[in-house]
Amino acid sequence: IMNILSSTWAPSYIIGNSLLCSCISSRMVNLSLENGLCEASATGFINYSFFSGHAIGDFDSATQLGRVGLRLFETRYSSNKVLWSKACGVYAIGTATWQRPYHEKGYYLHKCYELNMETGSLVHASYMCHFMVSYKILEGAKLNEALSLYQQYFPFLKKTCPPLYDFGMAVVQPMKDLMGGFKDDTWDEAHYAIYLGAPSVYSAVFYYSKMFSALFLRRRSKWLDYADQAMATILPYFSSTAYVP
């Protein structure tokens with residue numbers, strides 16, 4: 001039962017059914033408390049922490065529960081590298097996003113990348129490459145640090161998963177005014193817009209990145225324009241999948 005629940009959590013998240021994700025992770029936690037721990041229990045704790053911060057308004061407790069799941073993998077279930085990699089990824093891009101500094105998220109993003117490389121899951125590894133670079137930029141890292149990560153991971157990302165490379169460049173490219181080394185003549189903003197099609201969370205991230213860059217450059221009029229574009233694209237996406245305060 002736990003394995004079935006664990007395998008259905010990610011598809012539920014991908015289709016945007018947050019209620020089902022919450023029910024699945026809650027059930028996994030309850031079953032673990034009633035019957036004892038297993039590998040899937042650690043996953044359940046982390047998946048539950050992904051949503052529980054919002055659900056109960058207690059992000060500290062959610063973070064601590066996520067860490068319990070991580071410790072279980074580190075001390076008991078490290079042989080299952082596939083599940084361990086997923087747990088690190090969910091914690092880093094979900095639970096830790098609300099509460100922890102980048103250096104902690106960065107550790108688990110890189111751990112997820114390493115585990116996926118070991119298991120041959122190149123798509124998931126490239127997914128972590130994208131987050132390692134884009135999170136570093138969006139959270140205000142020193143520009144030379146962000147450039148170093150870009151040079152380290154984006155060639156691999158471009159080779160293994162072109163769609164994620166495009167998404168990553170949507171975050172990176174607006175910063176080229178601040179960092180000339182980020183300029184990539186092979187990436188075309190117009191192509192990216194056509195590739196996305198209808199408004200989506202990806203185009204919202206793109207406009208947010210533009211807004212972020214304009215804010216650094218103190219271009220107020222452009223910052224406001226990009227903020228309006230970001231909101232116009234993100235609200236239709238969230239209206240059917242998540243609560244927006």
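F73 is buried, and Y77 is buried too. Let me start with that pair. The ring centres of F73 and Y77 sit 6.4 Å apart, and the planes meet at 80 degrees, so this pair is edge-to-face. Keep in mind that we are looking at a predicted model.

Next pair. Y107 and Y108 are also edge-to-face, with 4.9 Å from centre to centre and 85 degrees between the planes. Here the burial is split. Y107 is partly exposed, because its relative accessible area is 47%, and the cut-off for buried is under 20%. Y108 comes in at 13%, so Y108 counts as buried.

How many aromatic pairs does the structure hold? The count is 8. Ring pairs also link W9, F50 and F51 into a cluster. Hold on to F50. We will meet that residue again.

Now the overall picture. The protein has 12 helices and 0 strands. Read along the sequence, the pattern is α-α-α-α-α-α-α-α-α-α-α-α. There are 245 residues in the protein, and 47% of them are buried. Take the contacts between residues at least 6 apart in sequence. Of those, 57% join residues at least 24 apart. On the outside, the protein exposes about 12800 Å². Carbon and sulfur atoms supply 58% of that area.

Let's go to T95. T95 is in helix α5, which covers residues 81-99. Is T95 buried or exposed? Buried, because its relative accessible area is 2%. What does the T95 side chain meet? The side chain of S49, in a polar contact of 2.7 Å. Leaving aside residues up to four places away in sequence, T95 touches I46, S49, F50, A62, T63 and V90. So F50 is back, as one of the residues that T95 touches.

A62 is on that list as well, so follow the chain to A62. A62 lies in helix α4, residues 59-75. A62 is buried, since its relative accessible area is 3%. With the same four-place exclusion, A62 touches S49, S52, G53 and T95. Note S49 here. S49 touches A62, and S49 also makes the polar contact with T95. A62 and F50 are 12 residues apart in sequence, and their C-alpha atoms are 7.3 Å apart in space.

On to charge. Side chains of opposite charge can pair when their charged atoms come close. How many salt bridges does the structure hold? Just 1. The side chains of E118 and K81 form it, at 2.5 Å, N to O. This pair links distant parts of the chain. E118 is in helix α6, residues 102-119, and K81 is in helix α5, with the two positions 37 residues apart in sequence. Helix α5 is also the helix that holds T95. K81 is partly exposed, because its relative accessibility is 33%. T95, by contrast, is buried at 2%.

Now helix α1, residues 2-14. Two residues to look at here. T8 is found in this helix. T8 is partly exposed, because its relative accessible area is 31%. A polar atom of the T8 side chain lies 2.9 Å from the backbone oxygen of L5. T8 is also 7.9 Å from I24, C-alpha to C-alpha, and the two are 16 residues apart in sequence.

The second residue is Y13, also in helix α1. Y13 is partly exposed, because its relative accessible area is 41%. Which residues join Y13 in a nonpolar patch on the surface? I14 and I15. Together, Y13, I14 and I15 have about 370 Å² of accessible area.

One last stop, K158. K158 is found in helix α8, residues 143-160. K158 is partly exposed, because its relative accessibility is 39%. Now look at K158 and M169. They are 11 residues apart along the chain, and their C-alpha atoms are separated by 9.8 Å.

To recap. The predicted model has 12 helices and 0 strands. T95 and S49 share a polar contact between side chains. E118 and K81 meet in a salt bridge. W9, F50 and F51 form a ring cluster. And Y13, I14 and I15 make a nonpolar patch on the surface.

How values were computed. Residues numbered from 1 in each chain as written. Predicted model: local features only at pLDDT ≥ 70, side-chain atom pairs only at ≥ 80, totals over all residues. Heavy atoms only, no water. Helix = DSSP H or I, 4+ residues; strand = E, 2+ residues; numbered from the N terminus. Buried < 20%, exposed > 50% of the residue type's maximum accessible area, 1.4 Å probe, protein only. Contact = heavy atoms within 4.5 Å. Areas by Shrake-Rupley, 256 points an atom, 1.4 Å probe, with all protein chains shown as cover. Polar contact = N/O pair within 3.5 Å; in protein donor to acceptor, adjacent residues only side chain to side chain. Patch = residues over 30% accessible without salt bridge, like charges linked within 9 Å, V, L, I, M, F, W, Y side chains within 5 Å. Salt bridge = Lys/Arg side-chain N within 4 Å of Asp/Glu carboxyl O. Phe/Tyr/Trp six-rings, centres within 6.5 Å; stacked < 30°, edge-to-face > 60°.
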